[in-house]
Amino acid sequence: MSQPYHAVAAWRAAGEAGDAAAAVAALSPEVTLVSPITDRFTFQGRQQVRDLLEVALTAIDGITYTDQVAEGRTVALFYEAQVDGRRICEAQRLRLRPDGLITEITLFIRPLPALTRLMTRLGPELAGRNGQPGLARLIPLAAGMLHSMADTGERHIVPRAAPR
């Protein structure tokens, strides 16, 4: 019996359209999304994932899925987009239930300055939605410092160490 990938197709189309509600329709009720920052930070259930998607899909522009690799109930998706004019690439590992709905999402983002820029955009909004206004004010400072270090390293230090 072949694996149904209808939810994966719906997830891709929703991401490219920036439609959080349509993306959530492809998820199982018990979905878990693992943050690209740390595996100790997860979103549990459709509502938490929807909150993340509503914020993320306004911060990420022009999602274009480029590749899909599947084996059984595991699918790897890859897309390219922009965050504040900076190129971002994301890999998503999706695990599917037998009925094809997405039950687990693990995200991987590169380059590091794009991830840190995304943190500065998502963190305050998510903390505010979670009723943590103090944290919403702190995140831009902490994430901003991390972004500054990552961006400076990518622009000025890493090029000096590149293969010649």
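Helices here are DSSP runs of H or I at least four residues long, numbered from the N terminus. Keep in mind that this is a predicted model.

**Exercise 1. Work out how far apart Arg129 and Glu125 sit along helix α4, and what joins them.**

Step 1. Start with the spacing: Arg129 and Glu125 are both in helix α4, 4 residues apart, so about one helical turn separates them.

Step 2. Now look at the side chains. Arg129 and Glu125 form a salt bridge, and their closest N and O atoms are 3.1 Å apart. The cut-off for a salt bridge is 4 Å, so this pair qualifies.

Step 3. Check the surroundings. Arg129 has a relative accessible area of 38%, which makes it partly exposed. Glu125 is also at 38% and counts as partly exposed.

Step 4. Zoom out a little. Arg129 and Glu125 belong to a salt-bridge network that also takes in Arg50, Asp51 and Glu54.

**Exercise 2. Take the salt bridge between Asp151 and Arg155 and decide for each partner: buried or partly exposed?**

Step 1. Find the pair: Asp151 and Arg155 lie 4 residues apart in helix α5, about one turn of the helix.

Step 2. Get the distance. The closest N and O atoms of Asp151 and Arg155 are 2.9 Å apart.

Step 3. Apply the cut-off. Buried means under 20% relative accessible area. Asp151 comes in at 15%, so Asp151 is buried. Arg155, at 49%, counts as partly exposed.

**Exercise 3. Describe how α4 and α5 are oriented, and which kinds of residue make their contact.**

Step 1. Pick out the helices: α4 covers residues 112–129 and α5 covers residues 133–161.

Step 2. Read off the geometry. The two axes come within 8 Å and cross at roughly 175°. That crossing makes α4 roughly antiparallel to α5.

Step 3. List some of the residues involved. On the α4 side they include Leu112, Thr116, Met119 and Gly123. On the α5 side, Leu135, Ile139, Ala143 and His147 are among them. Asp151, the buried acid from Exercise 2, is another α5 residue in this contact.

Step 4. Sort by class: the contact of α4 with α5 has 12 nonpolar, 6 polar and 3 charged residues.

**Exercise 4. Do the same for α3 and α4: give the angle, the handedness and the makeup of the contact.**

Step 1. Helix α3 runs over residues 45–59, and it packs on α4 at an angle of about 145° with the axes 10 Å apart.

Step 2. The crossing of α3 past α4 is right-handed.

Step 3. From α3, the contact uses Asp51, Leu52, Glu54, Val55, Ala56, Thr58 and Ala59. From α4, it uses Leu118, Arg121, Leu122, Glu125, Leu126 and Arg129.

Step 4. Split by class, the contact of α3 with α4 comes to 7 nonpolar, 1 polar and 5 charged residues.

Step 5. Link back to Exercise 1: Asp51, Glu54, Glu125 and Arg129 are in the salt-bridge network as well, and each of these four also appears in the contact of α3 with α4.

**Exercise 5. Look around Arg110: where is it, what does it touch, and what kind of peptide bond joins it to Pro111?**

Step 1. Arg110 sits in strand β6, residues 102–110.

Step 2. Leaving out residues up to four places away in sequence, Arg110 touches Arg87, Ile88 and Cys89.

Step 3. The peptide bond joining Arg110 and Pro111 is cis, with omega at about -10°. Pro111 itself is in the loop between β6 and α4.

Step 4. Follow Arg87 to its partner. Arg87 forms a salt bridge with Glu80, with the closest N and O atoms 3.6 Å apart. Glu80 is partly exposed at 36%, and Arg87 counts as partly exposed at 42%.

**Exercise 6. Find what Glu16 touches far along the chain, then check the backbone at Asp84.**

Step 1. Glu16 is in helix α1, residues 6–17, and at 41% relative accessibility it counts as partly exposed.

Step 2. Glu16 touches Ile63, Thr64 and Tyr65, not counting residues up to four places away in sequence. Glu16 and Thr64 are 48 residues apart in sequence, yet 5.9 Å apart C-alpha to C-alpha.

Step 3. Asp84 lies in the loop between β4 and β5. Asp84 is not a glycine, but its phi is positive, about 50°.

Note on methods. Residues numbered from 1 in each chain as written. Predicted model: local features only at pLDDT ≥ 70, side-chain atom pairs only at ≥ 80, totals over all residues. Heavy atoms only, no water. Axes fitted to C-alpha atoms, helices over the stretch in contact; angles between N-to-C directions. Helix = DSSP H or I, 4+ residues; strand = E, 2+ residues; numbered from the N terminus. Parallel < 35°, antiparallel > 145°, perpendicular 65-115°, else oblique. Contact = heavy atoms within 4.5 Å. Nonpolar A, V, L, I, M, F, W, Y, C, P; charged D, E, K, R; others polar. Left-handed = near helix turned anticlockwise from the far one by under 90°. Salt bridge = Lys/Arg side-chain N within 4 Å of Asp/Glu carboxyl O. Buried < 20%, exposed > 50% of the residue type's maximum accessible area, 1.4 Å probe, protein only.
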